[in-house]
Each structure stands twice: as C-alpha cells, then as structure tokens.
Amino acid sequence: MIVPHWFLPTSGDARGIVARRHADRGEAGATARPPDLDYLAQIARAAEHLGFTGVLTPTGTFCEDAWITTAALLRETRTLRYLVAFRPGLISPTLAAQQASTYQRISGGRLMLNVVTGGDAVEQQRFGDWAEHDSRYARTDEFLTVLRGAWHSDPFDYTGEHYHVAGAGTLAAPDPTPPVYFGGSSDAALPVAARHADVYLTWGEPPAQVAEKIGRVRKLADEAGRAIRFGIRLHVITRDTAEQAWAEARRMLDALDPAEIARAQAALRTSQSVGQQRMLALHGGSADDLEISPNLWAGVGLVRGGAGTALVGCHEQVAERIAEYHELGIDEFVLSGYPHLEEAYQVGEGVLPLL
C-alpha cells in the first residue's frame, strides 16, 4: 500500500527553492512566506483534506522547533499525523519518551518520530554536541534502546557508553507506540536502522541506487530478526502536462543566483553526512543535465541541503515514478513542493487519485 505524506515548511516557504541548509541560521521573515502558525495551519488542513496521511517537519536551528509547532497545530486537524523530527543526542531519552507519550495521548495517537542523528558538525556544535559521526550513531543506538525501554519496561535500567539511566519510565505507555522513522546512508547508520527503525527513510536517488540501499537495510534487519518498512523523501513539480511541469522547473532554476549555488555547494561539501554526499554526486554542482533518471530532477539540491531531488512531469508520469519506487519496496512517500500549499493541491488532486 502506498502511504502519502506531505511536508510542513517550518523554515519558510516561497514560489522558488528555499535555500535552507542545516548549517544555515533561519530567521523569521527571510522567505516570501514566513512560517507563522496561520500559514502552516493552512498547509496542514489542506494535506488532511487532500488525503495525505501525515506531514513531516524538519529539525535544526534553520527552522522552528518541530515538537512545539506541531503540538500547536493538533487542534487545526482531526486525523492528520505529525512526523516530528528531532535529534536524539540533544535530549534525554527518558524525557523524549515522556514527551512522545504525552503527545500521543493529547493527539489521539497521531505522533510519528523522525530520528535525525545529524551529519553536519557545524549544526551539531551549535547545540553543544562535539561527538564524531560514528559516535553519534552509536549514541542513537543507545538512545532508542532507552526510549523503548522507558515506554514498555517500567522501571527500566540501562548502562551503556553514552547513557546510564535507572528506573526510567513514563506516566503510561503511549498507545499506540509511535513508529520510528530513521534515515542514514553510512555504514554506521544502517545497522542502527535495522535494529530500531519501523520505517527506513532514504532521499530520492535513482531507482537502482534506492534498490541497492533497500537491499542492504533489509538484509541487516533480517539478521536482527526484524521486519522493516521503507520510505522515500522527494520534492514534486507536477502539472497537467509535462511541458508545464518542466517549464516550472526551469523557472525555479533560472531564479537561482549562480553565486548562491556556489556558496551552497561549498557549504554542503563540508557535511559529514554520507547521504548528503550522495545527493551532491547526483549533479556534481553543475546546473547541466539535471534530469538524472526519467522524471527525477536534481535541481533542488543545488542550493538546498537534505532531500535534493524532485519528481517532475505530468500527473500520470509522477504517478508512474511513484509506482516504480513502490515496486522496489517503498511504501511511504514523504513529498513536498514549492510553494507547499499550492503544490499540495497539485499532488493531492492530480497524482494521488491515480495511485
């Protein structure tokens, strides 16, 4: 079954590519549409109305806090679920367990957790985190062990390299238990995903690369005795005709300042994230030949960190590409587009009915 999700632009929105990276410091009003609560509520209500299951929020100093923002939006929707991104090394696992349990009760079970270990040293150091890349994933491994233990083994004791807790627990176990979404492409990340993730998320690479990554994670999960689902993060530019969609992609590309592209690429190349380096390799910093696979466009990643590819085409073509990823084993699709309000309608009215 294909499960569609949308995205809440808590760093701001615009009719062009918002050049936000984890190393950036977001400031209110820096985009054409600041991420105020009224605008985000419009997107959340639209996503629910159009049939999206949930919405993802990012995490970092470049955006608003995901826990607080989505909690404020709970009363704006009835069934929409919130995929709250957070960094496990910056909060106690027992406190995270408590927050998630409370959120699940006040929302009526609409919380999903997106665990972001962090691949940008500059961003991590802003939070006072100086751990190295592989150490961060080892810490995430322990964090998720304590998190689940605090939910289901009251009291829970644990002693590890990064955490030592005694008698951890919550007022009551969350019902249902929030699913854990987890991404990471490095050798340090994949075993952690296999042991803890309910859904492994990958960024939008060409199908062959996605299939290879799914195979590696599934093998590790099988060895751990676990079943795991798979999701993908993609932008979308979809219109009634392919010509209209590609014209919109060209408009977005033409609006990018070459100097901004150069600055963004220089910053992104310093990232420790293997996934980010894989995104950069798709276009090599060049604005030429950006259609890296049928209907898969790498132009977003010229200035935006994280997910840097978009499905571009008419509604039928985009639906076909989604179905192609689904055949590889992808069930959950976290989609977005600029601006997020209008593009939600393009996808919700034009693509989702075809799926």
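Several elements cover the buried residues of helix α1, including β1 (3–7), β2 (54–57), α2 (66–73), β3 (81–86) and α12 (340–350), where contact means heavy atoms within 4.5 Å. The model is predicted, so local features need pLDDT of at least 70 and side-chain atom pairs count only at pLDDT 80 or more, while totals for chains, interfaces and linings use all residues. Residues are numbered from 1 along each chain as its sequence is written, and side-chain values use heavy atoms, leaving out hydrogens and water. Helices (H or I, at least four residues) and strands (E, at least two) are DSSP runs, numbered from the N terminus.

Helix α1 itself holds 14 residues (37–50), and its end C-alpha atoms lie 20 Å apart, in agreement with the 20 Å expected at 1.5 Å a residue; that expected span is 1.5 Å times one less than the number of residues. Its buried residues (under 20% relative accessible area, against over 50% for exposed and in between for partly exposed; 1.4 Å probe, protein chains only) are Tyr39, Leu40, Ala41, Ile43, Ala44, Ala46, Ala47 and Leu50. After the helix comes Gly51, with a positive phi near 100°.

Turning to the loops, most residues other than glycine have a negative phi, and most peptide bonds are trans. Asp289 nevertheless has a positive phi of about 55° and is exposed, at 73% relative accessible area. Asn295 also has a positive phi, of about 65°, but counts as buried at 7% relative accessibility. Cis peptide bonds join Asp175 to Pro176, with omega about 0°, and Tyr338 to Pro339, with omega near -15°. Pro339 sits in the loop between β13 (332–336) and α12.
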